[in-house]
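Q: Please take a close look at the side-chain pairings in this model, aromatic and charged. Where do they sit, and what surrounds them?

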Amino acid sequence: MNVQSILIKEPGNFNQENLRQLFDLAEHNLPSLLKYANQIRKEQVGDEVHLRGIIEFSNYCSCHCLYCGLRAENRKISRYRLTNQEIFQSVQTAVNYGLKTIVLQSGEDRFYQPEDIARLIEFIKKHFDVAITLSVGEHPHQSYQIWRNAGADRYLLKHETADPILYQKLRPGKNLQDRIECLLDLKDLGYQIGSGNMVGLPGQTLTSLIDDVLLMKKLNVEMAGIGPFLPHPDTPLVGSSAGSLTETLKILAITRIILPTIHLPATTAISTVNDDARRLALESGANVIMPNFTPLTVRDQYVIYPQKIDIIEDPEQSVNKLKKLLKEMNRTISMSYGHAVKIKTYSLTKKEVYHGFGSQ
Ligand code: SF4
């Protein structure tokens with residue numbers, strides 16, 4: 001059996017069984033699956049790679065995620081908030097390198113009022129020709145509305161795992177249904193939405209990995225950040241095994257096959273695994289890279305997972321390295337904003353999305 005024979009034409013019809021067949025195929029012939037995903041990537045979104053400049057403007061977080069170095073309980077890191085001046089300087093640097101998207105990321109930092117973030121977005125949009133992705137966690141609909149009105153284009157909110165029980169275990173005080181509700185709110189407000197998951201979480205099953213991909217399909221997300229679980233030494237999950245690169249590439253490839261026009265980053269977490277991992281991800285369906293423009297003075301304090309590859313690289317090193325890699329791979333850097341490439345024919349009601357996910 002090959003990939004094409006497993007795939008069915010109507011995208012809404014993907015189910016556990018179809019996905020399980022794809023996973024089986026990957027078990028027996030991973031190179032063929034990765035190759036097929038790469039071919040789909042080429043046909044659907046081309047050879048361009050979109051660079052999104054990430055600025056981690058605050059590492060304060062009120063949440064308690066067991067896997068994350070920024071969790072509120074971790075007293076070993078110094079907390080910081082960049083000044084507006086520092087943020088604008090970082091945006092300027094990214095723009096100087098030709099980047100057309102800025103990702104503003106932070107923990108769930110309740111210090112900021114929605115209007116503070118809105119002013120930041122407005123200033124950046126007024127002075128720089130860039131798209132803005134926000135990645136600042138779960139907030140009320142009203143805040144999402146304010147930020148969208150201020151000019152935010154996209155929102156990244158990874159669901160991390162589609163297993164509602166595991167989700168609650170790993171993210172104490174939170175639940176999957178609220179996360180999905182936020183993603184649906186964001187979609188309703190006209191954001192291009194991104195989700196994503198970790199691969200190799202303690203307690204994760206094949207069924208829940210399949211559900212990760214199905215959930216993203218049901219939500220019709222425009223971006224997906226998929227990376228291996230990497231245990232952080234200052235979290236309760238120290239001592240757990242890390243997710244494997246092979247498994248992560250498999251999920252990446254299957255996501256490309258199931259959501260052909262999606263923007264898929266070769267995430268920093270993947271690139272952290274080894275020197276060749278970024279190239280392998282780009283050959284398995286990825287078409288986005290997110291270079292880090294957070295000032296070097298604080299970058300080592302934004303450590304969700306350990307040994308982030310980009311901690312020591314300055315923007316020049318990082319962009320030059322990317323250019324060299326992409327040239328070797330005959331891939332080009334996109335000069336566009338890299339908005340979602342979408343076939344807008346498929347979306348489900350909230351009830352349908354909830355079915356099987358988070359309804360406890
Ligand atoms: S994963 Fe996000 S929400 Fe959870 S502790 Fe880390 S920064 Fe906070």
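A: A residue counts as buried when its relative accessible area is under 20%, as exposed when that value is over 50%, and as partly exposed in between. The model is predicted. Its chain has an average pLDDT of 91, and 90% of the residues score at least 70. Residues 344-348 have a pLDDT below 50, and that stretch makes seven contacts in the model beyond near neighbours in sequence. The pLDDT is also below 50 over residues 356-360, a stretch with 14 contacts beyond near neighbours in sequence.

Aromatic pairs come next. The structure contains seven of them. In one, Phe57 and Tyr112 are arranged edge-to-face, with 5.5 Å centre to centre and 65° between the planes. The angle puts this pair in the edge-to-face class because planes over 60 degrees apart are counted that way. Phe57 belongs to strand S1 (residues 48-58), while Tyr112 is in the loop between strand S2 (101-106) and helix H5 (114-127), so their pairing ties together parts that are 55 residues apart in sequence. Phe57 has a relative accessible area of 1%, so it is buried. Tyr112, at 18% relative accessibility, also counts as buried.

A second edge-to-face pair is formed by Tyr144 and Tyr155, at 5.0 Å centre to centre and 70° between the planes. Tyr144 is in helix H6 (residues 141-150) and Tyr155 in strand S4 (residues 154-156); the two are eleven residues apart, and their pair links distant parts of the chain. Are these two tyrosines buried or exposed? Tyr144 has a relative accessible area of 0% and is therefore buried. Tyr155 counts as buried because its relative accessibility is 0%. Tyr144 and Tyr155 also belong to one aromatic cluster, together with Trp147 and Tyr191. The ring of Tyr191 has the charged end of Arg148 sitting over it, 5.6 Å from the ring centre.

Arg81 has a comparable role to describe, with an aromatic ring and a carboxylate as partners. It lies over the face of Phe111, 4.0 Å from the ring centre. The side chain of Arg81 also meets that of Asp109 in a salt bridge, with an N to O distance of 2.7 Å. Arg81 is in the loop between S1 and helix H4 (84-96), and Asp109 is in the loop between S2 and H5, so this bridge ties together parts that are 28 residues apart in sequence. With a relative accessible area of 30%, Arg81 is partly exposed, whereas Asp109 counts as buried at 7% relative accessibility.

In total, the structure holds 20 salt bridges. Another of them joins Asp153 to Lys125, whose closest N and O atoms are 2.7 Å apart. Asp153 is in the loop between H6 and S4 and Lys125 in helix H5; the pair is 28 residues apart and links distant parts of the chain. Asp153 has 13% relative accessibility, so it counts as buried. Lys125 is partly exposed, its relative accessible area being 28%.

The bridge between Glu328 and Lys324 is placed within a helix. The closest N and O atoms of Glu328 and Lys324 are 3.3 Å apart. Both residues lie in helix H14 (residues 315-328), four residues apart, which is about one turn of the helix. Glu328 counts as exposed at 55% relative accessibility, and Lys324 counts as exposed at 55% as well. Elsewhere, salt bridges with shared partners connect Glu108, Arg110, Glu138, Arg171, Lys174 and Arg179 into one network.

A polar residue completes the picture. Asn59 is located in the loop between S1 and H4, and it counts as buried because its relative accessibility is 0%. Beyond neighbours within four places in sequence, Asn59 is in contact with Leu70, Ile77, Ser78, Arg79, Tyr80, Gln301 and Tyr302. Ser78 is 19 residues away from Asn59 along the chain, and their C-alpha atoms are separated by 8.6 Å. A polar atom of the Asn59 side chain lies 2.7 Å from the backbone nitrogen of Tyr80. The backbone oxygen of Gln301 is 2.8 Å from a polar atom of the Asn59 side chain.

How values were computed
Residues numbered from 1 in each chain as written. Predicted model: local features only at pLDDT ≥ 70, side-chain atom pairs only at ≥ 80, totals over all residues. Heavy atoms only, no water. Phe/Tyr/Trp six-rings, centres within 6.5 Å; stacked < 30°, edge-to-face > 60°. Buried < 20%, exposed > 50% of the residue type's maximum accessible area, 1.4 Å probe, protein only. Lys NZ or Arg CZ within 6 Å of the ring centre and 35° of its normal. pLDDT = per-residue confidence, 0-100. Contact = heavy atoms within 4.5 Å. Salt bridge = Lys/Arg side-chain N within 4 Å of Asp/Glu carboxyl O. Polar contact = N/O pair within 3.5 Å; in protein donor to acceptor, adjacent residues only side chain to side chain.
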